[in-house]
Amino acid sequence: MNFPELVEKNRSYRGYDHSRKVTLEELTSLIDLARKSPATSNVQPLKYYLVHEEAEVAMVQANTAWAGRFRGKMTLPHPGKEPTAFVIVCLDREIAPELGIYAKDVGIVSQSITLGAAAMDLGGIIISSFKAQEIHDGLHLSERFWPVQVIAVGKPDETVVLVEAENGEIAYYRDEDDVHYVPKRPLSDLVLNEK
């Protein structure tokens, strides 16, 4: 698979095959990709808690919110379609007391993790809406480590289709077959150079 194909395969999945468990070894290989990613001033203040045990997965799932831009009344993931693992990206406050300029590092490592998952025929979603204190306490993290990002990982069990945004409408939606559509702004709207 070439890189453009990998980018297109790397969707935000909200439905997973619950029978396909993600292993600690698979999660660790994703963190190896994250650690090799660029980091601001090479400070590397991010650490990772790998959630793969059922009780911890359930606790993290209960403290996340999914599909904030969704048009319609639907709970996602559907019952029984939850991910089987999470990566909790944490700030090591002994290295960097505040996230500040390292916020972009969170995006960089998150993309590396989800691209790596896609290359392994897994998938994920980067979740920014989560209860940090509850996850921190539920995982018994020390005060040194603070959750700054949650990434769900699992075997995708849904269809996600990219479509051209029309009239600036970018809200994603689902059809009667539960296919998830993601409008993307046209390339011509993004490139600022005059033609």
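Begin by selecting helix H3, residues 54-62, and within it pick out Gln 61; keep in mind throughout that this is a predicted model. Gln 61 has a relative accessibility of 16%, and because the cut-off for buried is under 20%, Gln 61 counts as buried. If you set aside the neighbours within four places in sequence and display what remains in contact with Gln 61, you will find Trp 66, Pro 77, Glu 82, Pro 83 and Phe 86.

Phe 86 leads to the next stop, strand E2, which spans residues 85-92. Eight of the eight residues of E2 are buried, so this strand is largely enclosed by the rest of the structure. Colour the two faces separately: one side carries Ala 85, Val 87, Val 89 and Leu 91, while the other carries Phe 86, Ile 88, Cys 90 and Asp 92, and all of these are buried. In a regular strand, side chains alternate between the two faces of the sheet.

Now add the partners of E2. Strand E1, residues 46-51, runs antiparallel to E2 and is joined to it by six bridges, with Lys 47 standing opposite Cys 90. Strand E4, residues 145-154, is also antiparallel to E2, here through eight bridges, and Gln 149 in E4 is the bridge partner of Val 89.

Finally, move to the open sheet of three strands, whose order is E5-E7-E6 and whose pairing is mixed. Its edge strands are E5 (160-164) and E6 (173-174), each of which pairs on one side only. Select E5 together with E7, residues 180-184, to see a parallel pairing over five bridges, in which Val 161 stands opposite Tyr 181 of E7.

Notes. Residues numbered from 1 in each chain as written. Predicted model: local features only at pLDDT ≥ 70, side-chain atom pairs only at ≥ 80, totals over all residues. Heavy atoms only, no water. Buried < 20%, exposed > 50% of the residue type's maximum accessible area, 1.4 Å probe, protein only. Helix = DSSP H or I, 4+ residues; strand = E, 2+ residues; numbered from the N terminus. Pairing = 2+ DSSP bridges. Contact = heavy atoms within 4.5 Å.
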